[in-house]
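Got the model loaded and a selection box ready? Let's walk through it stop by stop.

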Amino acid sequence: MSDCPLCDGTGWRPVEKNGWRAVEVCSCRQTAKDEEWWLDQAQIPHGFRGRGKDFEHFWVVDNKESLQWARMKARDFVNRYPLVEKGLFFIGNPGVGKTHLTVAILKQLMMEKGVHCLFRSYQELLHQIRDSYNSVSRSTESEIVRPVLETDVVAIDDLGAERISDWVEDTVTYILNYRYAQRKITILTSNLPDTAEDVKERSPSGRYAVGDTLTQRIGLRVRSRLYEMCELVRIDANDFRQSVQEHRR
């Protein structure tokens, strides 16, 4: 790809559309690989690979505006890529479609634009990095972390699922700082409320425990960086899976 005269090795060819300058994926980056190959490369779990995990199957329950807004932001992100300056950060209760939208973004970027993507569970990623320190482990920290640092678009699902420690904060800070400095796009999701006020809104009693907010789970350094590198997309809706189960009763 480095010798391509159309894109000078960037993978993106400059074009003009309706008088506006834009870019589109270069033919040197397009391959004959099928969808399963792309999903394997992105390490998308098999449970998220069905055709239902796309924008068309993202149901807007009860005409919720925040669900419509989240789907619109996700689609707009794909349409504008690579002319985007920030990633997306989906926050909301479990079961509102955050992972669904994230996978839909990755699938469309890979299949339509040939973008190299990676999907990682936050908790699983930390577990694998820790496990690499074990003398009997077959993986090294570098082998696990390098793809998270270097892949064009990385999605980290369920941020904050593990309670913070100095090691967790340092590790996540390093990954996000590297991607920010290298202008790599990151997409994240979290079930945690962003602020103490959000906790009160979710709790009928108005009480919350230490560690219930995103900042308390990931640390102030990480949260500060996220403000710079991602656009926050709040989804205020009920658990879709629970709603389906109640509807079937």
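## Stop 1: the cavity

Start by selecting Tyr-122, Leu-125, Ile-156, Leu-159, Val-172 and Ile-175, which line the largest cavity. Two elements, α4 (122–131) and α6 (166–181), each give two or more residues to that lining. Helices here are DSSP runs of H or I with at least four residues, strands are runs of E with at least two, and both are numbered from the N terminus. A cavity, on a 1 Å grid over the protein atoms alone, is a set of points where a 1.4 Å probe fits but cannot get out, and lining residues have an atom within 4 Å of a point.

How big is the volume of the largest cavity? It comes to about 40 Å³, where volume is the space filled by probe spheres set on the points, with grid points joined across faces, edges and corners. The count is one cavity of 30 Å³ or more. Colour the lining by class and you get six nonpolar, no polar and no charged residues. For that colouring, Ala, Val, Leu, Ile, Met, Phe, Trp, Tyr, Cys and Pro are nonpolar, Asp, Glu, Lys and Arg are charged, and the others, Gly among them, are polar.

Before moving on, a word on what you are looking at: this is a predicted model, where local features need pLDDT of at least 70, side-chain atom pairs count only at pLDDT 80 or more, and totals for chains, interfaces and linings use all residues. Residues are numbered from 1 along each chain as its sequence is written, and side-chain values use heavy atoms, with hydrogens and water left out.

## Stop 2: α4 and its cover

Stay on α4 and pick out its buried residues: Tyr-122, Leu-125, Leu-126 and Ile-129. Look down the axis of α4 and these fall within an arc of 95°, so they line one face of the helix. (The arc is that of the directions from the helix axis to the C-beta atoms; buried means under 20% relative accessible area, exposed over 50%, partly exposed in between, with a 1.4 Å probe and protein chains only.)

Now show what covers that face. The cover of the buried α4 residues includes β4 (117–121), α5 (141–150), β5 (153–157), α6 and α8 (214–218), with contact meaning heavy atoms within 4.5 Å.

On α6, select Thr-171. Thr-171 counts as buried, at 11% relative accessibility. Leaving out neighbours within four places in sequence, Thr-171 is in contact with Leu-126 and Ile-129.

## Stop 3: β4 and β5

Next, select β4. Four of its five residues are buried, so β4 is largely enclosed by the rest of the structure. β4 and β5 run parallel and are joined by five bridges; strands pair if DSSP finds at least two bridges between them. To see one bridge, select Cys-117 and its partner in β5, Val-153.

Then jump to Thr-99, in helix α3 (residues 98–113). Is Thr-99 buried or exposed? At 17% relative accessibility, it counts as buried. Not counting residues up to four places away in sequence, Thr-99 touches Phe-48, Phe-119, Asp-157 and Thr-189. Try a distance label too: the C-alpha atoms of Thr-99 and Ile-156 are 9.6 Å apart, with the two positions 57 residues apart along the chain.

## Stop 4: backbone oddities

Which residues are joined by a cis peptide bond? Tyr-81 and Pro-82 are, with omega about 10°. You'll find Pro-82 in the loop between α2 (65–80) and β3 (87–92).

For positive phi outside glycine, go to Gln-43, where phi is near 60°. Gln-43 sits in the loop between α1 (35–42) and α2 and counts as partly exposed, at 41% relative accessibility. Arg-183 also isn't a glycine, yet has a positive phi of about 60°. Arg-183 is in the loop between α6 and β6 (185–190) and is exposed, with a relative accessible area of 77%.

## Stop 5: α9, then zoom out

Select helix α9 (residues 220–229) and highlight its buried residues, Val-222, Arg-223, Arg-225, Leu-226 and Met-229. They cover an arc of only 160° around the axis, which puts them on the same side of α9. Their cover includes β3, α6, β6, α8 and β7 (230–235).

Finally, show the whole chain: ten helices and seven strands. Of its 249 residues, 43% count as buried. Among contacts between residues at least 6 apart in sequence, 71% join residues at least 24 apart.

Notes:
1 Å grid on protein atoms, 1.4 Å probe; cavity = no way out; pocket = protein on both sides within 12 Å on 5 of 7 lines; lining within 4 Å.
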